[in-house]
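Student: I'm new to this structure and would like a close look at one part of it. Could you show me the model and then talk me through what sits around that part?

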Amino acid sequence: TEEVMLKMTAFAHKETGMRDLCLAGGVALNCVGNGRVLREGPFDQIWVQPAAGDAGGALGVALSLWHKHLDQLRTSCEAAGTWERPHAARREPQSSRKPQAASPKYADAMSGSYLGPSYTEAEIAEAIAKGGWVARKVDRAALADEVAAVLASEKVVGLLQGRMEFGPRALGGRSIIGDPRSPKMQAQMNLKIKFRESFRPFAPAVLREHVAEWFELDGDSPYMLMVADVKAERRLPVPPEAEQLWGIEKLNVPRSTVPAITHVDYSARIQTVRRETSPLYYDIMAAFHARTGCPIIINTSFNVRGEPIVCSPEDAYRCFMRSDMDVLVLENFLLEKADQPKRAEDENWKTEFVLD
């Protein structure tokens with residue numbers, strides 16, 4: 001498949017002479033192939049539609065109606081002046097923790113693909129009161145640093161903030177996040193939270209301005225659709241005896257200073273994060289970077305194996321209680337597992353969903 005992708009994209013470049021490439025369709029979810037096209041192909045930039053499978057048809061229908069039936073210009077909604085950027089109405093003040101370098105210019109009109117529903121503070125407070133959950137409200141300016149401290153102590157956080165993502169990847173709106181530096185985090189999150197095999201890899205979310213310092217990638221990958229290798233200077237030497245190992249034992253050998261997101265071949269499926277598309281998510285990562293020197297966190301979808309990704313505060317709390325997540329963040333509200341009342345419904349729930 002990768003070889004076919006390389007040949008097709010090379011032909012497209014030869015025919016058109018264009019330097020930028022857009023991809024869609026189910027095969028464009030092959031992030032390994034996308035990474036090869038970017039590295040080995042003739043294009044300066046590659047952009048992949050974040051819901052590149054059949055679900056992307058919904059976006060095409062909406063744009064078709066916009067143009068054909070509403071007689072609007074055939075251009076992006078943002079350019080036509082009707083697009084509301086996620087979080088635009090409640091933009092938060094800049095974090096006191098400034099990044100070391102500015103992010104390069106950005107021109108992605110999908111603005112992070114946060115097209116789903118969001119929940120107001122009042123709606124979340126109502127859900128907390130109705131459910132009898134134990135929560136405390138945290139000032140927005142202090143929230144990022146508090147969550148970063150939780151992550152740095154090797155605890156796992158469920159994060160619901162802003163609008164839900166469109167597409168198959170969790171991108172910070174409905175994510176489970178953790179510390180990639182921890183050698184035990186991969187197995188812990190797989191077995192106790194996702195309820196799946198311990199070897200399944202997790203993806204890194206990295207501050208856009210620092211991606212080239214850690215990975216063989218110097219560009220945007222906002223939708224977790226590019227694979228690149230961890231840079232050589234971030235890798236750890238593998239003991240000679242480890243090469244004789246097989247299966248789980250071989251996979252458990254740390255490969256880099258961020259072992260929880262480094263595959264056995266030193267690759268990683270990367271999400272680059274910018275503040276203009278997801279302010280709170282970015283600020284949590286920036287605070288974690290300031291605290292640890294690492295601009296990367298683990299990002300995996302907020303669900304357990306076999307279950308759909310969570311959408312509402314009720315969905316998030318249910319998943320939180322049914323797994324070994326330590327902390328749940330619902331916008332400005334922070335819930336700790338140890339404080340929550342025990343519920344009978346959280347015991348024998350695994351028969352609700354067919355495991356994948």
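Student: Is Ser 113 buried or exposed? Once that's settled, please carry on to the aromatic rings and their surroundings.

Tutor: Ser 113 is buried, because its relative accessibility is 0%. Here buried means under 20% relative accessible area, exposed means over 50%, and partly exposed is in between, with a 1.4 Å probe and protein chains only. You'll find Ser 113 in the loop between helix 3 (57-69) and helix 4 (121-131). Helices (H or I, at least four residues) and strands (E, at least two) are DSSP runs, numbered from the N terminus. Ser 113 isn't a glycine, yet its phi is positive, at about 65°. Tyr 266 also has a positive phi without being glycine, this time near 70°. Tyr 266 belongs to the loop between helix 8 (248-251) and strand 8, and at 18% relative accessible area it counts as buried.

A quick word on how to read all this. This is a predicted model, where local features need pLDDT of at least 70, side-chain atom pairs count only at pLDDT 80 or more, and totals for chains, interfaces and linings use all residues. Residues are numbered from 1 along each chain as its sequence is written, and side-chain values use heavy atoms, leaving out hydrogens and water. The predictor's confidence in each residue is its pLDDT, from 0 to 100; for the protein chain the mean is 87, and 87% of the residues reach 70 or more. Residues 77-100 stay under 50, and the model has 46 contacts for them beyond four places in sequence. A contact means heavy atoms within 4.5 Å.

Now the rings. Rings of Phe, Tyr and Trp (its six-membered ring) pair if their centres lie within 6.5 Å; planes under 30 degrees apart are stacked, over 60 edge-to-face, and the rest tilted. That rule gives three aromatic pairs. One of them joins Trp 47 and Tyr 223, edge-to-face, with 6.4 Å centre to centre and 90° between the planes. Trp 47 is in strand 2 (residues 45-48) while Tyr 223 is in the loop between helix 7 (211-214) and strand 7 (226-229), so this pair ties together parts 176 residues apart in sequence. Trp 47 is partly exposed at 27% relative accessible area, whereas Tyr 223 is buried at 3%.

Tyr 317 and Phe 320 make a tilted pair, 6.2 Å centre to centre with 55° between the planes. Both are in helix 10 (residues 313-321), three residues apart, which is about one turn of the helix. An α-helix has 3.6 residues a turn, so residues three or four places apart point the same way. Tyr 317 is buried at 1% relative accessible area, and Phe 320 is buried at 0%. Together with Trp 133, Tyr 317 and Phe 320 form one aromatic cluster.

Helix 10 has other buried residues too, including Pro 313, Ala 316, Cys 319 and Met 321. The buried residues of helix 10 pack against helix 4, strand 4, strand 10 (327-330) and strand 11 (333-336).

Phe 320 has a charged visitor as well: the charged end of Lys 337 sits over its ring, 4.6 Å from the centre. A charge sits over a ring if NZ of Lys or CZ of Arg is within 6 Å of the ring centre and within 35 degrees of the ring normal. Elsewhere, Arg 234 lies over the face of Trp 214, at 3.7 Å from the ring centre.

Let's go back to strand 8 (residues 267-273), which holds Thr 272. Thr 272 is buried at 5% relative accessibility. Its contacts, leaving aside residues up to four places away in sequence, include Val 206, Arg 208, Ser 221 and Pro 222. A polar atom of the Thr 272 side chain lies 2.7 Å from the backbone nitrogen of Ser 221.

Strand 8 is also part of what covers the buried residues of helix 9, along with helix 5 (140-152) and strand 9 (296-301), among others. Eleven of the 14 residues of helix 9 are buried, so this helix is mostly covered. Among them are Tyr 281, Tyr 282 and Phe 288. After helix 9 comes Gly 293, with a positive phi near 80°.

Key. Polar contact = N/O pair within 3.5 Å; in protein donor to acceptor, adjacent residues only side chain to side chain.
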